[in-house]
Amino acid sequence: MSSEIEHFFGAKAAKALHSRPKAEYIDRSDLEAFADCPHQGQLRKQHEGEFETHEPLPEIGKLIHAVAETAIKTCNMDLQEAADYITEELPKTRPDLQPETLRAGRTLANRLRWSKVTHVLLCEEQITRSIMPATNKKGELLVTTAPDLVLATSSPDKLQVIDCKTGWKERSNQEARDEVQTCVICWCLKAKYEHIRYIDFRYWNTRKNTTGYAYIDLEQIVGGTKDDPLMQEMAFEQRIFEAARLYMEGCDEAWPTEAKCSLCPVLSWCKYADEVCKELDGDPKAYVDNTLVLSEVLKRREKAISDATKNGRTLFGSGGFYNDTPKKKSPRRVSFKEQKDEETKQ
Ligand code: SF4
């Protein structure tokens, strides 16, 4: 390329092109790590490549994704044929495939078979959108992502996005809406297809055969003031820009919670992790044994308290109390036949 430029425009132009700062791409997963917990993003950067290789599930996920991508592209984006292709080809890919992988592949194939949408716009294709324009010192900053499937619908201003997940995390509808990757994919799609307004977003949790669903209206007002309303697309943009800022400036803050830390890929290297998750990760066997002992102790304590309060005594703690007040029973439903029998007896 630079030799062609040199040929047509001269050495000076080629040199200027060479010395121009290169564009920088932030991957969706890096951005997501910083948005979830900046310390996770930092640790992922430091241990790049180390944590992914030990995880069996990402391997399974990659394999299913690869077969699905080949299937859809080989079958000229025809989802019905692609479903048959996955069913036939997945068992042949590796002799050690676990039943769980085959089950996940079969689920994916069935879902594709039942899908009413047939026109595939994108399959695992990289889409990007600029976060920051290039300056003299820095190249352009772009966010990049590759959604599994983007489908056209009968409405010209609406798209359907399908992202298959083979991991342990099972996304609910609320989580599907709140995910950083949902906002990155929607935001990037808006740049590629300017006319769209609605996105029907589905996470297919292939391990459990469930769906996390979010219906996104990019022009919906989600905040701001009456004079300066905040649209959904703008809210996505602000979230992405903030995560990108943390990524660029190298923030090392940690925001541990049980839900985040228990599924965090860098948990074993993190000094700020939630204490319960740290213990669980350090020695899971001891953790389970301790839990069993504790639950047995709790049962015995409750029995002792129940005996001690049988004579009407109330035991007070600083935040609550125990006494022997019988719990109210909800009235039993009487069937029509039982009622008739009762009446006959009387
Ligand atoms: S373990 Fe928790 S605190 Fe540590 S990086 Fe992961 S999410 Fe953040």
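User: Where is the place of glutamate 124?

Analyst: The model is predicted: local features need pLDDT of at least 70, side-chain atom pairs count only at pLDDT 80 or more, and totals for chains, interfaces and linings use all residues. Residues are numbered from 1 along each chain as its sequence is written. Strands (E, at least two residues) and helices (H or I, at least four) are DSSP runs numbered from the N terminus. Glutamate 124 sits in the loop between β2 and β3 (127–132).

User: Which exposure class does glutamate 124 count in?

Analyst: Glutamate 124 is not a glycine, yet its phi is positive, about 55°. A residue is buried with 20 or more other C-beta atoms (placed from the backbone) within 10 Å of its own, exposed with 12 or fewer, and partly exposed in between. Glutamate 124 has 16 C-beta neighbours inside 10 Å, so its class is partly exposed.

User: Which strands stand at the edges of the five-strand sheet?

Analyst: Two strands pair if DSSP finds at least two bridges between them. The open sheet has the order β2-β5-β6-β7-β8, with mixed pairing. Each edge strand has a single partner, so one side of it is left without a neighbour in the sheet; the edges are β2 (120–123) and β8 (210–217).

User: Which residue in β8 is the bridge partner of tyrosine 198?

Analyst: Strands pair through backbone hydrogen bonds, either parallel or antiparallel. β7 (residues 198–205) and β8 run antiparallel and are joined by eight bridges. In β8, the partner of tyrosine 198 is aspartate 217.

User: Within what arc do the buried residues of α10 fall?

Analyst: Helix α10 covers residues 232–249. Its buried residues are Gln232, Glu233, Phe236, Ile240, Ala243, Ala244, Leu246 and Tyr247. The arc is that of the directions from the helix axis to the C-beta atoms. These residues line one face of α10, because seen down its axis they fall within 155°.

User: Which exposed residues are on the face of α10 turned away from its buried side?

Analyst: An α-helix has 3.6 residues a turn, so residues three or four places apart point the same way. The face of α10 away from the buried side carries Glu242 and Glu249.

User: Which element gives the largest share of the shell around the ligand?

Analyst: A residue belongs to the shell if its C-beta atom, placed from the backbone, lies within 6 Å of the ligand. 14 residues surround the ligand, the closest being Cys37, Pro256, Cys261, Cys264 and Cys270. Two or more residues come from each of α4 (38–46) and α11 (258–262). The largest share, three residues, comes from α4.

Terms used:
Expected span 1.5 Å × (residues − 1).
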